Amino acid sequence: MKIEGIRKRKTKIDRLELLSLVKEHGSISAAAKAMGVSYKAAWEAVEQINNMSPQPILERKIGGEGGGGTVFTEHGLNFLKFMKNF
């Protein structure tokens, strides 16, 4: 069976919206769901954001009582505030 004309789609994510939703929901998974994108696409966007920044924007909290999540660093909160006011 040969399938032609199918290409892998790249999902373009609004990174500022993603960061805002991570802050609102407390997790990349919930933010991805709110945006209608895959967790993988959201996670890759977060990794790119952190890699471009001189200091981490977000840190993951693994496991624990609440099941983990994602928290902003102080630098990340300042960055988000700056970008929203830009």
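**Entry 1: Ser27**

I began with the surroundings of Ser27 in this predicted model, and, setting aside residues within four places of Ser27 in sequence, I found that Ser27 is in contact with Val22 and Thr70. I then looked up where Ser27 sits along the chain, and noted that Ser27 belongs to the loop that runs between helix 1 (15-25) and helix 2 (28-35). Next I asked myself whether Ser27 is buried or exposed. Ser27 has a relative accessibility of 19%, and because buried means under 20%, I entered Ser27 as buried. I also followed the side chain of Ser27, which reaches the backbone nitrogen of Ala30 at 2.9 Å.

**Entry 2: helix 2 against helix 3**

From the loop I moved on to helix 2, and looked up how helix 2 packs with helix 3, which spans residues 39-52. I wrote down an angle of about 115° for this pair, with the two axes 9 Å apart, and I noted that the crossing of helix 2 and helix 3 is right-handed. Which residues make the contact? On the side of helix 2 I listed Ile28, Ser29 and Ala32, and on the side of helix 3 I listed Tyr39, Ala42, Trp43 and Val46. Sorting the residues of this contact by class, I recorded 6 nonpolar and 1 polar, with no charged residues.

**Entry 3: Leu77**

I then turned to Leu77, which I located in helix 4, residues 74-85. Its relative accessible area is 37%, and since partly exposed covers the range between under 20% and over 50%, I entered Leu77 as partly exposed. Leaving out residues up to four places away in sequence, I found that Leu77 touches Lys23 and Phe72. I also checked Leu77 against Ile57, and noted that these two are 20 residues apart in sequence, while their C-alpha atoms are 7.5 Å apart in space.

**Entry 4: the whole chain**

Last, I stepped back to the chain itself, for which I counted 4 helices and 2 strands, and which reads α-α-α-β-β-α along the sequence. How much of the chain is buried? Of the 86 residues, 31% are buried. For the accessible surface of the chain I noted about 6,700 Å², with 51% of that area belonging to carbon and sulfur atoms. Finally, I looked at contacts with a separation of 6 or more, and recorded that 38% of them join residues 24 or more positions apart.

How values were computed: Residues are numbered from 1 along each chain as its sequence is written. This is a predicted model: local features need pLDDT of at least 70, side-chain atom pairs count only at pLDDT 80 or more; totals for chains, interfaces and linings use all residues. Side-chain values use heavy atoms; hydrogens and water are left out. Buried means under 20% relative accessible area, exposed over 50%, partly exposed in between (1.4 Å probe, protein chains only). A polar contact is a pair of N or O atoms within 3.5 Å; within protein, one must be able to donate a hydrogen and the other to accept it, and residues adjacent in sequence count only if both atoms are side-chain atoms. Contact means heavy atoms within 4.5 Å. Accessible areas come from the Shrake-Rupley method with a 1.4 Å probe; for residues, only the protein chains shown count as cover. Axes are lines fitted to C-alpha atoms, for helices over the stretch in contact, and angles run from 0 to 180 degrees between N-to-C directions. A crossing is left-handed if the near helix is turned anticlockwise from the far one by less than a right angle, and right-handed if clockwise. Ala, Val, Leu, Ile, Met, Phe, Trp, Tyr, Cys and Pro count as nonpolar, Asp, Glu, Lys and Arg as charged, and the others, Gly among them, as polar.
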